[in-house]
Amino acid sequence: MESQLAVDKKNNLIEVQPSNTKYPVFIRIAAKIISYLFHPLFIPVYLSWLVVKTQSYLFGVFTEWEKTLFIVRFGVIYIMFPLVSVLLMKALGFISSIHLKTQRDRIIPYVVCMIYYWWMWYVLHNQPEYPKEYVVLSLSIFLASIGGLMANINMKVSMHAIAAGVMAAFIMLLGFSQDLDFGIYISISILLAGSICTSRLIDSDHSAREIYWGLFIGILSLLISEKFA
């Protein structure tokens with residue numbers, strides 16, 4: 001979606017995004033549904049579930065209950081804590097909207113989530129019974145939050161695109177690093193990443209530049225994590 005120039009209330013020239021009303025209603029509804037279903041808070045939990053279900057040999061010492069509990073812990077760290085934190089920030093007036101529509105609104109949530117993400121990586125890194133894949137994933141999420149915060153200085157980089165980049169790169173890493181028939185999952189991950197990014201172009205005020213940078217940050221974070229985790 002190409003950006004346009006406009007004049008704000010202080011007579012400053014700013015870059016804005018055109019309205020998405022040019023898209024048919026069903027397209028906009030589909031984009032909104034995809035944006036909610038694949039919100040950045042949910043993707044780490046989806047990935048943890050995928051690893052547990054497709055690569056059970058990595059969890060030989062875990063019971064079924066322990067596997068389920070592990071996914072629940074991912075949900076607590078990556079969904080509940082950030083969501084509660086954002087709601088509290090909104091209630092206390094630290095941010096103007098829970099949708100984090102401005103760069104300013106995103107600063108504190110980025111910093112707070114970085115603490116949660118670092119803690120998850122630290123715990124997994126220091127417990128050798130957990131598969132390395134989870135250490136790589138948790139580290140990539142932490143690094144992606146750092147990258148998102150740094151990029152937020154210059155642009156409102158898409159958090160959805162960052163998460164989509166991590167997701168696609170992580171699934172491709174699983175498929176290429178192990179002797180498994182993972183082609184279908186790789187194909188689905190690429191399709192989902194494209195759908196998520198396209199949905200954000202339709203259902204948000206992000207520019208194509210902010211989408212591409214988000215995707216790049218997510219992929220780069222996973223590659224760095226795989227190298228150093």
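Axes here are lines fitted to C-alpha atoms, for helices over the stretch in contact, with angles running from 0 to 180 degrees between N-to-C directions. Helices are DSSP runs (H or I, at least four residues), numbered from the N terminus. What you have is a predicted model, so to speak with filters on: local features need pLDDT of at least 70, side-chain atom pairs count only at pLDDT 80 or more, and totals for chains, interfaces and linings use all residues. Residues are numbered from 1 along each chain as its sequence is written, and side-chain values use heavy atoms, with hydrogens and water left out.

**Helix α6 against α7**
- The axes of α6 (159–177) and α7 (183–203) come within 9 Å and cross at roughly 170°.
- That makes the two helices, α6 and α7, roughly antiparallel (angles over 145 degrees).
- On the α6 side, the residues in contact (heavy atoms within 4.5 Å) include His160, Met167, Ile171 and Phe176.
- Their partners in α7 include Tyr185, Ile190, Ile196 and Arg200.
- By class, this contact of α6 with α7 has 14 nonpolar, three polar and one charged residue; Ala, Val, Leu, Ile, Met, Phe, Trp, Tyr, Cys and Pro count as nonpolar, Asp, Glu, Lys and Arg as charged, and the others, Gly among them, as polar.

**Helix α5 and its two partners**
- α2 (residues 43–54) and α5 (residues 132–151) have axes that come within 11 Å and cross at roughly 170°.
- α2 and α5 are therefore roughly antiparallel to each other too.
- Pro44, Leu47, Ser48, Val51 and Val52 of α2 meet Tyr134, Leu137 and Ile141 of α5.
- The contact of α2 with α5 splits into seven nonpolar residues, one polar and no charged.
- With α8 (residues 208–228), α5 packs at about 135°, the axes being 8 Å apart.
- That makes α5 oblique to α8 (an angle outside the ranges under 35, 65 to 115 and over 145 degrees).
- Among the residues of that contact are Lys132, Leu139 and Gly147 from α5, plus Ile217, Ser225 and Glu226 from α8.
- The contact of α5 with α8 has eight nonpolar, five polar and two charged residues.

**The largest pocket**
- The largest pocket (on a 1 Å grid over the protein atoms alone, an open set of points where a 1.4 Å probe fits, with protein on both sides within 12 Å along at least five of seven lines) has a volume of about 1,100 Å³, taken as the space filled by probe spheres set on the points.
- It is lined by 40 residues (an atom within 4 Å of a point), and the closest to its centre are His39, Pro40, His99, Met159 and His160.
- α6 gives the largest share of the lining, six residues.
- The lining divides into 25 nonpolar, eight polar and seven charged residues.

**Tyr57**
- Tyr57 sits in the loop between α2 and α3.
- Tyr57 touches Gln178 and Leu180, leaving aside residues up to four places away in sequence.
- The C-alpha atoms of Tyr57 and Pro131 are separated by 10.0 Å, though the two are 74 residues apart along the chain.
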